[in-house]
Amino acid sequence: MELMDLMFEMAALLGLISLSRLIFGAVNFVWVMFLRKPKDLVKCYGTWALVTGATDGIGRAMAFQLASKGLSLILLARNPSKLESTSQELAEKFGNKVAVKCIVADFDKLKKDEIVKAVQEGIQGLDVGILINNAGVIYDFPKFIHEADPQMVESLLNVNIGGLTWTTMAVLRSMLKRKRGAIVNVGSGTAHVMPGCALLAAYCASKAYIEYFSKSVTLEFKAHGIDIQCQIPLLVETKTIGAIKAGWLSPSPETWSKASIRWIGYEAVCIPYWVHYMETIVFRTMPILIPNGYTLRGRLLLRKQRMEEKHAMELDVRDKKDP
């Protein structure tokens, strides 16, 4: 009888602990997602923000969000005409309230010393308090690693890993002098949530580097007043693989960036958009075979479609050459 009583008490205790964790998790979720006050970015970090990959998608949306908070901007991208267009749009929307500078730099073409020099010259004399490392490259469509063009894979690694690392190194020196700053590295749910990512291997590995790099440099510089974090988007509306359309599960870059701004300066790794956070919980409660199998089937189907389209285009070109 005493043994049965003990087992009952142990079961009740375990149940209480599980329930307490569930309640705490729910309260914490509501707090960090909706109630916690965002930091005053200008007051905490400085008057200027540098955004890489600033002419499209998340980078462009982040630039507009930062400008709405009163920060002046340094836009970095490889396309001069897109930089000019984005700069003009910012000027039209915010007028004289926000200053905008541009840096033309192709992370794939430039060597590491050239990237560091371009960034340091671009930020010289400015109170750059925030860096958004968003520039990135992804496959044109899912492929087995042996099918991928080696030049494309090299470009991906140069931009996603090299560009982010060299830009961070270039900006950190000025932040250390001021003893304040925030760096946001844009990661990916494919590396954070999934145990593996078939047919996008090099891309997902580069995003895993970004997350671990962020966690490591956070330990190095937190004591110096510099907040470094990796923000994790899952699906976001994009014109890249699969032409993802906006919806609850795949927000527009503008919707995602509004959530992103609220998290700057807090946790070292975070999932800013609340629906993505809930998705992550669901994925992690599943047996590994389910999300792996689901995503693999989807990518295999997309690969087949794109390869058929590519083959049809090649035949069309050949027919035009040899009527």
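Is the crossing of α3 and α4 left-handed or right-handed? Keep that question in mind while we find these two helices in the model, which is a predicted one. Helix α3 covers residues 57–68, and helix α4 covers residues 80–94. Their axes come within 11 Å of each other and cross at roughly 30°. Angles under 35 degrees count as roughly parallel, so α3 and α4 are roughly parallel to each other. As for the opening question, the crossing of α3 and α4 is right-handed.

Now let's look at which residues meet where these helices touch. On the α3 side you will find Arg-60, Ala-63, Phe-64, Ala-67 and Ser-68. Their partners in α4 are Thr-86, Glu-89, Leu-90, Lys-93 and Phe-94. Sorted by character, the residues of this contact between α3 and α4 are five nonpolar, two polar and three charged. Try picking them out on the structure above.

Next, let's turn to the backbone. Which residue in the loop between α6 and β5 should we stop at? That would be Lys-179, with α6 spanning 150–178 before the loop and β5 spanning 181–186 after it. Lys-179 has a positive phi of about 60°, although this residue is not a glycine. Its relative accessible area is 65%, and because exposed means over 50%, Lys-179 is exposed.

Further along the chain, Leu-199 also deserves a visit. Leu-199 sits in the loop between α7 (189–192) and α8 (201–221). Leu-199 is not a glycine either, yet its phi is positive, at about 70°. Is Leu-199 buried or exposed? Its relative accessibility is 5%, and since buried means under 20%, Leu-199 counts as buried.

Our last stop is the cysteines. A disulfide is a covalent bond between the sulfur atoms of two cysteines. How many disulfides does this model have? The count comes to zero, using a rule that asks for two cysteine sulfur atoms within 2.5 Å. Take Cys-44: the nearest cysteine sulfur belongs to Cys-270 and is 16 Å away, so Cys-44 is in no disulfide. With a relative accessibility of 33%, Cys-44 counts as partly exposed. For Cys-230, the nearest cysteine sulfur is again that of Cys-270, here 7.8 Å away. That distance is over the 2.5 Å limit, so Cys-230 is in no disulfide. Cys-230 is buried, and its relative accessible area is 0%.

Definitions and conventions. Residues numbered from 1 in each chain as written. Predicted model: local features only at pLDDT ≥ 70, side-chain atom pairs only at ≥ 80, totals over all residues. Heavy atoms only, no water. Axes fitted to C-alpha atoms, helices over the stretch in contact; angles between N-to-C directions. Helix = DSSP H or I, 4+ residues; strand = E, 2+ residues; numbered from the N terminus. Parallel < 35°, antiparallel > 145°, perpendicular 65-115°, else oblique. Left-handed = near helix turned anticlockwise from the far one by under 90°. Contact = heavy atoms within 4.5 Å. Nonpolar A, V, L, I, M, F, W, Y, C, P; charged D, E, K, R; others polar. Buried < 20%, exposed > 50% of the residue type's maximum accessible area, 1.4 Å probe, protein only.
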